[in-house]
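Me: Got a minute to walk through this one with me? I'd like to know what I'm looking at before I set anything up.

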Amino acid sequence: MASSDRSSAPRPVPGSYGLPVIGAVRDRLDFYYFQGQDKYFDSRVERYGSTVVRINVPPGPFMARDPRVVALLDAKSFPVLFDVTKVKQLLFSLLQSRKDAVVPTFRSNFSALFSTVESQLAAKEGGNKVEFNKLNDATSFDFIGEAYFGVRPSTTDLGSDGPSKAAKWLLWQLHPLVTLGLPMIIEEPLLHTFHLPSFLVSGDYKALYSYFSTAASQSRVLDTAQSLGLSREEACHNLLFATTFNSYGGLKVLFPGLLAGVANAGQKLHSRLANEIRAAVAEAGGKVTLAAVEKMELVKSVVWESLRLDPPVKFQYGHAKTDMQIESHDGVLFQVNKGEMLFGYQPCATKDARVFGPTAREFVGDRFLGEKGKKLLKYVYWSNGRETENPSVDNKQCPGKNFVVLVGRLFLVELFLRYDTFTAEVGTELLGAKVVFTGVTKATSGPGTA
């Protein structure tokens with residue numbers, strides 16, 4: 001679009017919501033069954049010739065009062081959603097107070113996970129295949145609890161039931177946006193039309209709350225909450241939600257997605273990662289330190305690329321607080337009125353070919369290396385903000401942004417200190433990638449698992 005178009009009068013946002021109720025239900029069926037998420041948004045961009053478009057988004061009737069949004073579906077318009085609001089200082093205090101525990105806690109938990117992978121492969125259980133996701137669910141839940149509060153959930157009254165209770169509670173929060181693969185005639189009324197009854201998950205929530213209440217008391221987190229003006233009960237509910245929904249839910253998506261991308265990339269990337277990781281750890285005297293991890297540029301790039309392609313949270317919402325103009329990548333200005341709901345489907349923005357080129361939809365592990373690569377980081381939005389920015393109490397960016405990138409890097413460090421390469425089958429499940437190990441090749445050089 002020519003520069004003269006940028007200075008022209010703003011245009012009305014194109015698109016259609018269709019007939020009341022009927023239009024929203026029809027679009028919901030496209031989203032879940034007839035087209036799927038990516039195709040649903042891509043087809044609307046193509047139909048209306050615009051990446052800023054009026055559409056309906058699920059769940060719609062009768063669960064959501066108004067499914068009508070202005071969708072921002074390119075890398076240029078998407079950051080409008082990152083407006084300023086207050087977040088609880090408690091989460092930042094928690095992450096800061098436990099920062100020294102992250103590396104040793106991660107290594108002890110995930111070293112045990114990979115030991116289990118090796119023993120099951122050696123025993124040829126399951127036909128010489130080991131499903132990663134189930135092991136990751138249990139390990140990530142223990143890691144998060146121990147890293148944040150110093151108490152592994154599996155050593156408490158929760159026992160080994162913690163991940164399943166958390167997963168059930170997560171399903172109750174996310175069911176309007178998922179499909180279980182059941183026939184449409186069953187799923188539509190069950191998952192997408194009305195909220196699932198909360199009493200069916202109340203027992204699971206009470207068990208989780210009991211763990212968080214005890215663990216957060218022992219670690220003095222609830223004392224910190226009181227000093228910030230929060231009641232202990234309110235703080236515990238907030239910690240449960242943030243830890244289970246954001247942290248644990250995020251790792252359920254992050255690690256399988258990261259492992260899937262690296263598995264599909266093949267042995268050449270594996271060798272580069274192993275060499276970089278082992279050299280940095282050897283330089284640090286054989287220890288995995290934050291300083292050593294910070295030197296691993298390829299490792300960082302691979303984690304960012306995984307978060308770009310498969311962000312843990314795909315949908316962003318925000319109300320227009322004033323009458324405003326939004327510019328698309330084509331340089332076209334669109335008029336949006338105060339009070340309208342803005343919506344972003346993150347994969348459309350982070351796979352924008354006008355930013356990331358012809359490989360925008362492909363996994364390119366070294367995409368963010370060098371000066372040219374670093375300039376692309378401002379278009380990585382997985383944390384509800386730009387990757388080049390940091391979260392604070394004054395913005396909407398995920399408080400755990402730096403924590404997530406760190407544990408993604410630690411995951412690769414643990415993987416390639418142990419193995420030269422590995423093979424896996426990659427598929428999909430409810431929340432993202434599904435990975436099944438089919439073989440590992442133990443490390444032949446370097447500091448190993450020191």
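Reply: Sure. One term before we start: a contact here means heavy atoms within 4.5 Å. With that cut-off, T105 touches F143, E146 and A147, leaving out residues up to four places away in sequence. Also keep in mind that this is a predicted model.

Me: OK, predicted. What's the mean pLDDT of the protein chain?

Reply: The mean is 89, and 95% of the residues reach 70 or more.

Me: Where does pLDDT stay under 50?

Reply: Over residues 1-7. The model has 7 contacts beyond four places in sequence for that stretch. Where pLDDT is low, the predicted coordinates should not be read in detail.

Me: Noted. How many helices and strands are there in the protein chain?

Reply: The protein chain has 18 helices and 10 strands. Its radius of gyration is 23 Å, close to the 22 Å from the globule rule for 450 residues, so the chain is as compact as a globular protein of that length.

Me: I need a box. What does the C-alpha trace span along its principal axes?

Reply: About 65 × 50 × 50 Å.

Me: And how much area does the protein chain expose?

Reply: About 19,800 Å², with carbon and sulfur atoms supplying 54% of that. As for the residues, 50% of the 450 count as buried.

Me: What share of the contacts comes from residues 24 or more positions apart?

Reply: 71%, taken over contacts with a separation of 6 or more.

Me: Charges next. How many positive and negative side chains are there?

Reply: There are 51 positive and 45 negative ones, and the centres of the two sets lie 2 Å apart.

Me: Back to T105. Where is it found?

Reply: T105 is in helix α5, which covers residues 102-123.

Me: And is T105 buried or exposed?

Reply: Buried: T105 has 7% relative accessibility, and the cut-off for buried is under 20%.

Me: How far is T105 from L190?

Reply: Their C-alpha atoms are separated by 40 Å, and the two residues are 85 apart along the chain.

Me: Let's do another threonine. Which helix does T243 lie in?

Reply: Helix α11, residues 232-265. T243 is buried, at 4% relative accessible area.

Me: What is T243 in contact with?

Reply: Setting aside neighbours within four places in sequence, T243 contacts I144, Y148, F149, F212 and Y248.

Me: Any backbone oddities to check before I minimise? Start with P58 and P59: what kind of peptide bond joins them?

Reply: A cis one, with omega at about 10 degrees. P59 sits in the loop between β2 (52-56) and β3 (68-72).

Me: And what about positive phi in a residue other than glycine?

Reply: V21 has that, with phi near 65 degrees. V21 lies in the loop between β1 (11-12) and α2 (22-34), and it is partly exposed at 44% relative accessible area. R220 also has a positive phi, about 70 degrees, although it is not a glycine.

Me: Where is R220, then?

Reply: In the loop between α9 (202-218) and α10 (221-227). R220 counts as exposed, at 55% relative accessibility.

Me: Since you mention α9, what does A207 touch?

Reply: A207 is found in helix α9 and touches L158 and K165, not counting residues up to four places away in sequence. A207 is partly exposed, at 25% relative accessibility.

Me: How far is A207 from K124 in space?

Reply: 36 Å, C-alpha to C-alpha, with their positions 83 residues apart in sequence.

Me: Serines now. Is S50 buried or exposed?

Reply: Buried, with a relative accessible area of 7%. S50 lies in the loop between α3 (37-48) and β2. Beyond four places in sequence, S50 touches P14, V45 and F334.

Me: And where is S164 found?

Reply: In helix α7, residues 162-174. S164 counts as partly exposed, at 47% relative accessibility. S164 and D137 are 27 residues apart in sequence, with their C-alpha atoms 8.6 Å apart.

Me: Great, I'll set up the box and go from there.

Notes: Residues are numbered from 1 along each chain as its sequence is written. This is a predicted model: local features need pLDDT of at least 70, side-chain atom pairs count only at pLDDT 80 or more; totals for chains, interfaces and linings use all residues. Side-chain values use heavy atoms; hydrogens and water are left out. pLDDT is the predictor's confidence in each residue, from 0 to 100. Helices (H or I, at least four residues) and strands (E, at least two) are DSSP runs, numbered from the N terminus. The radius of gyration is taken over C-alpha atoms; the globule rule is 2.2 Å times the number of residues to the power 0.38. Buried means under 20% relative accessible area, exposed over 50%, partly exposed in between (1.4 Å probe, protein chains only). Accessible areas come from the Shrake-Rupley method with a 1.4 Å probe; for residues, only the protein chains shown count as cover. Lys and Arg count as positive and Asp and Glu as negative; His and the chain ends are not counted. The place of a charge is taken as NZ of Lys, CZ of Arg, CG of Asp or CD of Glu.
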